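Here is a short briefing on the structure shown below. The topics are chain folds, domains, the chain contact and backbone geometry.

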Amino acid sequence: MEAGRAAPATSRITVEINGTMYEREVEARRLLIHLIRDDLDLTGSHVGCDTGNCGACSVIFDGTLVKSCMLLAVQADGASIETVEGLADGELSPLQQAFSDHHALQCGYCTPGMLMSATALLRDNPSPSDEEIAKAIQGNICRCTGYWNIVKAIKVASGQEVGT
Amino acid sequence: MSETTVAPEQTEVEEATRETWSGQNVPRKEDKRLVQGEGVFFDDVKRHNMGYVHFVRSPYAHAKIRSVDVSAALDQPGVYGTLTGDEVATLTDPFFQISSPPGAHLKDYCLAVGKVRFVGEPVAAVVAETREGARDASELIEVDYEPLPAINDARLALDDEAPVLHDEAGTNLTWEGVFEWGDLDAAFAGADRVVKISELHFDRFNSTPLECNGSLVEYNRGTGQWTIITNNQFPGFAAIMMGPAMRVGLDKLRFVTQDIGGGFGNKITTHPQLVACCLLARKLNRAVQWTEWRTDFHLSMSHGNERWFLDTEVAVKSDGTLLGFRTTALDDAGAWLRYEPLGGVIWAQVTPGMYRWRNIRLDFRQVVTNKAPVSPNRGYSRMQHLWFTERVIDIVASELELDPVEVRKRNYIKADEMPYETPNGCIYDSGDYAKMLDVALDLIGYDGLESRRAGAEQRGKLLGLGIGSTLDSGTNNFGQSRLINPDLQFSGNNEVATVKLDLFGEIVVTLGTTPQGQSHETTAAQVVADILGCSVDDVNVRAGHDSYWNSHAGFSGTYASQFAVTGLGAVKGATEMLAGQMRKLASVVLACSPEDIELAEGQARIKGNPEAALPFMALGAIINANNAGLPEDLDVTLNCRYVYRPPFEVPDIERKYGNLTLTYAAQVHAALVEIDPETGVYEVVDYAAVDDCGKRINPQVVEGQVMGATAQALGAATHETFPYDEDGNLLTPNFYDYHVPHALDMPPLKTGYIESASPFTSLGTKGMGEGGGAGIHAVCAALQDALRPRGRPIVHDSFNPYERVWEMLREPDASRARVSVESR
């Protein structure tokens, strides 16, 4: 094992998040989620695993749903990112409201990532079936709800009928 | 994907009227912040110049620590400091042990001292300017180990050649207790058949809350107090463990929580890491932040109790009437007793399950092994035992060629026997188990079962039905700890709430609990609004727990299915005190008797004379800011604290007898599985969950708990496991290898309920939320039913991945060798 290590290399990046421009000096190895949470204090996006499985850190990156723990902060240079903090515009978005109405969250830890996945889904497919919804949130782990109410809430938010 | 069905008729409790907030699906107060990413979880909190903690962990399952060298790490730029086992052994005392000897002799510190006993055990800690820097530095800490042989199978832990983990204990058998009630000899003498089952195994897994453990710890040098912003779900227990170990009074430990990302019992035993953080914060004079990595959580935290049931014998009549059983429960605690051996008595809350067994003997033996320490996990210890009783029912039914539905109905405790005293003195408060089973069978389409079975067969599939009937015993009598260790001085239970009317008429509620998604802010507001005659929107329930608020007691926290009884009991008590004071104050102002005052529509007013009314704001203002001239003896503060204390006696230690919990919520689940006999792959194709938790304050919240417990049980039944290799390495240390259910894994779900009000609680409620693992039991039973035409294999493990089903298909006799029936 080496006795000491050189100071890590850094780069200056510019990133737009929820319409606000940020400029920061970041280490090359800094994960995007840590830039978002630790450096920019946007703590709505969460970390639930080390391996890209849980989806709690999901954000929309230049229009594409990504797990922000699977990207380096330097890769976000010049990007436009949407996080959970940008969903409500004065009042809750229909998705956020449906999550509350249908008890689609308990502890709320997975919820920001789940909402971003659902937001990306509904932009792509405004009237998804239950199966399509389940597929779209397959990358998001929830340990509290069993997903039934999440699927229901997304369906309601899409304006479709659901069973009682 | 899911639908709710209300039971056709309800028992005992009348339908909640629209005039009360209780009983309605009031929208959750917590949601507005959580759906906007505005919750505050511990890792969201920052302090100026805080350092990040990373633990150096053992790569060995069992080894002596020859030396720990932190010098290279300390030379690293950005490293603030380190902590080692040698320092810990000087600065702290070992944690208090719950166990009687020999478990009592364990010397457990916050970092390994002298020896490591499982892969992932913290050996040293390092603090640095960044998360990445701390992790880098941890790799520069040189630990010299001398590996020792390890043990990873509880059944081998007592062999002569087995390595002993704790020299101080001198044995791996750290706790043993024999529980016997009734007359076993008479039961077996009177039996027509004795069913013998050589070995059953309840597997190791846990609920893996999505947020891992952690804390932000600050030390105030001036007052000597630590502020611990954390997600520990039982701060009262953490304080009892930490204070004596750190040689400080409990007032020096301030616990703060707000939002917690799931707990499920797994966040009770973080006291070792919290002590390490406290020592580092003091040593470095700096706030320190520890966020556990997912891999670290899997390696080292709160595995559920793995349990073997050995040499079981069941006395039964030919008609399926159950007379009694005897068994040995061999429990694998892992390397340390962090909450254990409480699991050695917690199971006894539900000794006979839902059945009228009167003669029971269970020899509980707990051993330590070179695996992660176990801690409470949703359904803690009762789940293991209920899985056992449910397995026994289905094995007996199968061997006697009886219908499992009929065997259950024949042996269930009956509604007219409630309250029912179990052989060990627990008082099941209320319930109608047979009716719940009927509702579940109706939901799953039991009448059409045989045609569905035939239909599946035509498609080359095997279809089976399984039932899981369980109890979610709630509100612990901590006196049961004395059955583990007679020297302990714990008994009863408590929880605290304060309710006040503030200057501008704000109603402010403070709870002692630490919710992790259980909606306490909402349900507490419902109870308060009903008593004060106001809207839930007018009730402000503070988020989270802070021991500075003086709104907690020794057992405060959120664990063990109790909020609806203890927490809401405290809320009700405090609100009734406040209501009484408001009426008294209004009566002074309006010159009438307090009995003439009613609280309604946000006012205190004279009954029958709504003109004579004081808005809450006026009452708040008078007491808080305009109180000159009030009578001297007016005992009104409008700030009321109430400690709810359930009615318990200390159990009889000799007979191991007494009521161990106050309420016994019930679940009956039914599962239909379809197996592909070519591969062993199976699918849950239909599922029904029926719950009875007495009066439901918020039905949607209750149903959410039922759904969550069901999903966790289904995960544990098929996918979730913590297996170890022979060197003691955990094979599922992250979410790649440890597969939790995803959205596509969920079967269609139907939920139903009945309401049997508890006669023992102030609101008729029962604690609920753990669910007793009913889904595990139901899937096991359904697999056994489906496999029956293929040589009648016996499902003998709680965990049944596809390969195990494949094994049972290929070699049914291998599992059948575990069972024999003796006719008398």
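**Briefing: chains A and B**

Read from the N terminus, the elements of chain A follow the order β-β-α-β-β-β-α-α-α-α. That makes 5 helices and 5 strands in chain A. The model is predicted.

**Chain A overall**

- The C-alpha trace of chain A spans about 65 × 35 × 25 Å along its principal axes.
- Chain A has 164 residues, and 54% of them are buried.
- Take the contacts in chain A between residues at least 6 apart in sequence: 58% of them join residues at least 24 apart.

**Two domains in chain A**

- The domain assignment splits out domain 1 (10-84) and domain 2 (94-157) of chain A.
- The centres of these two domains of chain A, taken over C-alpha atoms, are separated by 21 Å.
- How many residues of each domain are in contact with the other? Domain 1 of chain A puts in 14 residues, and domain 2 of chain A puts in 12.
- On the domain 1 side, strand β3 (residues 58-61) of chain A gives the largest share, with 3 residues.
- By class, that side of domain 1 of chain A has 7 nonpolar and 7 polar residues. It has no charged residues.

**Where chain A touches chain B**

- The contact takes 54 residues from chain A and 55 residues from chain B.
- On the chain A side, the elements that give two or more residues are α2 (94-101), α3 (111-124), α4 (130-136) and α5 (148-157) of chain A.
- Which element gives the largest share of the side of chain A that touches chain B? Helix α2(A) does, with 4 residues.
- By class, this side of chain A has 23 nonpolar, 22 polar and 9 charged residues.

**Positive phi values**

- Most residues other than glycine have a negative phi. Two residues that depart from this pattern follow, one in each chain.
- Asp62(A) has phi near 50 degrees, a positive value in a residue other than glycine. Asp62(A) sits in the loop between β3 and β4 (64-67) of chain A.
- Is Asp62(A) buried or exposed? Asp62(A) counts as exposed because it has 12 C-beta neighbours inside 10 Å, and the cut-off for exposed is 12 or fewer.
- Thr475(B) has phi near 60 degrees, also a positive value in a residue other than glycine. Thr475(B) belongs to strand β19 (residues 462-476) of chain B.
- Why does Thr475(B) count as buried? Thr475(B) is buried because 30 other C-beta atoms lie within 10 Å, and the cut-off for buried is 20 or more.

**Cis peptide bonds in chain B**

- Most peptide bonds are trans. The two listed here are cis.
- The bond from Pro101(B) to Pro102(B) is cis, and its omega is near 5 degrees. Pro102(B) lies in the loop between α3 (85-91) and β5 (115-116) of chain B.
- The bond joining Met418(B) and Pro419(B) is cis, with omega about -10 degrees. Pro419(B) lies in the loop between α11 (404-411) and β17 (420-421) of chain B.

Note on methods: Residues are numbered from 1 along each chain as its sequence is written. Chains are lettered from A and ligands numbered from 1 in the order in which they are written. This is a predicted model: local features need pLDDT of at least 70, side-chain atom pairs count only at pLDDT 80 or more; totals for chains, interfaces and linings use all residues. Domain bounds come from an automatic or database domain assignment. Two residues are in contact if their C-beta atoms, placed from the backbone, lie within 7 Å. Ala, Val, Leu, Ile, Met, Phe, Trp, Tyr, Cys and Pro count as nonpolar, Asp, Glu, Lys and Arg as charged, and the others, Gly among them, as polar.
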